[in-house]
Amino acid sequence: MMRLHHVQYGRSFRVLWLYEEIGEAVLGPLEIVEHRIGSKEMRESDLPRLSPAVRIPAIELDGLEMSESGAIVQHLCETCAPALDRPVGDAERPAFLQWIHFAETQASLVENLNLQMVFLRPPAKPSPVVVKLTVARLRQTVAGMEARLGAGYLLPSGFSGADVMMGFNLFAIPYFVDLAPFPKVRAYKALLETRAAHRRACAREGAQRFYTQDFYPVPEA
């Protein structure tokens, strides 16, 4: 059995989607432990034992305890899903690793915007300067993807764990960056969403409950 410590459509969505790609026959039944970001429950649960940062995702699998979404995705691909891995010696290995780690660089900008635009409650206000700079940086990462994407997945040989890492990112980015100028990124997002495992993961998630509006513009100074 795999137990996944999870926040709806958070970074742990990557692991949920990967579970659906690999399947119960390999990983066993899935138990989802749902958390609310920043809650007292998170601090009092098993999460502090599993994650040094007390953050999702964390997994428990056949005696293995792991946190950090990139590490979990890479480990599960290496040990349970060779078709989704690019092992040492594979010509695509460097690009595979680069995209996995790029995904977390990009996600850190999303996290900053979430903190500024979603978590702050009155009388606290987001910083227009910080938000403007962060949105610009996030838009630049999208432009970097646009310049590198082809007609399919991230790697020429096909779908991999690197694509799974983009599941959280491409769900959240459109709340802060207009994707209209990035046709390749939009086509890539649509391609990921056609995968049966992605659809199953979204069905488990249900309607998102985190964002309260469709787009968050930069606040006025």
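A residue is called buried when its relative accessible area is under 20%. Y9, at 12% relative accessibility, therefore counts as buried. That label comes up often in this predicted model, where buried residues make up 48% of the 221 residues in the protein chain.

Overall, the protein chain has 10 helices and 4 strands. Reading from the N terminus, the elements go β-α-α-β-α-α-β-β-α-α-α-α-α-α. The C-alpha trace spans about 50 × 45 × 30 Å along its principal axes. A compact globule with 221 residues would have a radius of gyration near 17 Å, and the protein chain agrees, with 17 Å.

A few spots in the backbone deserve a look. Most residues other than glycine have a negative phi, and most peptide bonds are trans. Y9, in the loop between β1 (2-6) and α1 (12-22), has a positive phi of about 55° even though it is not a glycine. D62 also has a positive phi, near 50°, and is found in the loop between β3 and β4 (64-67). Unlike the buried Y9, D62 counts as exposed, at 69% relative accessibility. Then there is the peptide bond from I56 to P57, which is cis, with omega near 0°; P57 is found in the loop between α4 (47-50) and β3 (58-61).

Next come the aromatic rings. The structure holds 14 aromatic pairs. In one of them, the rings of F176 and Y216 have centres 5.7 Å apart and planes at 35°, so the pair is tilted. F176 lies in the loop between α8 (161-172) and α9 (183-193), while Y216 lies in the segment after α10 (196-205), so this pair ties together parts that are 40 residues apart in sequence. F176 is buried, at 2% relative accessibility, and so is Y216, at 5%. Both rings belong to one aromatic cluster, whose members include Y9, F13, W17, F119 and F159. F159 has a charged partner too: the charged end of R195 sits over its ring, 3.6 Å from the centre.

Charges also meet each other. Side chains of opposite charge can pair when their charged atoms come close. The count here comes to 16 salt bridges. R11 forms one with E111, the closest N and O atoms being 3.6 Å apart. R11 lies in the loop between β1 and α1 and E111 in helix α6 (residues 93-119), so the pair ties together parts that are 100 residues apart in sequence. R11 is buried, with a relative accessible area of 11%, whereas E111 is partly exposed, at 23%. E111 also meets R55 in a salt bridge, at 2.4 Å from N to O. This second pair links helix α6 to the loop between α4 and β3, 56 residues apart, and R55 is partly exposed, at 39% relative accessibility.

R49 and E60 form another salt bridge, with their closest N and O atoms 3.8 Å apart. Here helix α4 is linked to strand β3, 11 residues apart. R49 is partly exposed, with a relative accessible area of 47%, but E60 is buried, at 13%. R49 and E60 are part of a network of salt bridges that also takes in R3, E31, D46 and E65.

Finally, the surface has a nonpolar patch of about 260 Å², made by I37, L115 and F119. I37 is placed in the loop between β2 (30-34) and α3 (40-44) and counts as partly exposed, at 47% relative accessibility. F119 is also a member of the aromatic cluster.

Definitions and conventions. Residues numbered from 1 in each chain as written. Predicted model: local features only at pLDDT ≥ 70, side-chain atom pairs only at ≥ 80, totals over all residues. Heavy atoms only, no water. Patch = residues over 30% accessible without salt bridge, like charges linked within 9 Å, V, L, I, M, F, W, Y side chains within 5 Å. Areas by Shrake-Rupley, 256 points an atom, 1.4 Å probe, with all protein chains shown as cover. Salt bridge = Lys/Arg side-chain N within 4 Å of Asp/Glu carboxyl O. Helix = DSSP H or I, 4+ residues; strand = E, 2+ residues; numbered from the N terminus. Buried < 20%, exposed > 50% of the residue type's maximum accessible area, 1.4 Å probe, protein only. Phe/Tyr/Trp six-rings, centres within 6.5 Å; stacked < 30°, edge-to-face > 60°. Lys NZ or Arg CZ within 6 Å of the ring centre and 35° of its normal. Rg over C-alpha atoms; globule rule 2.2 N^0.38 Å.
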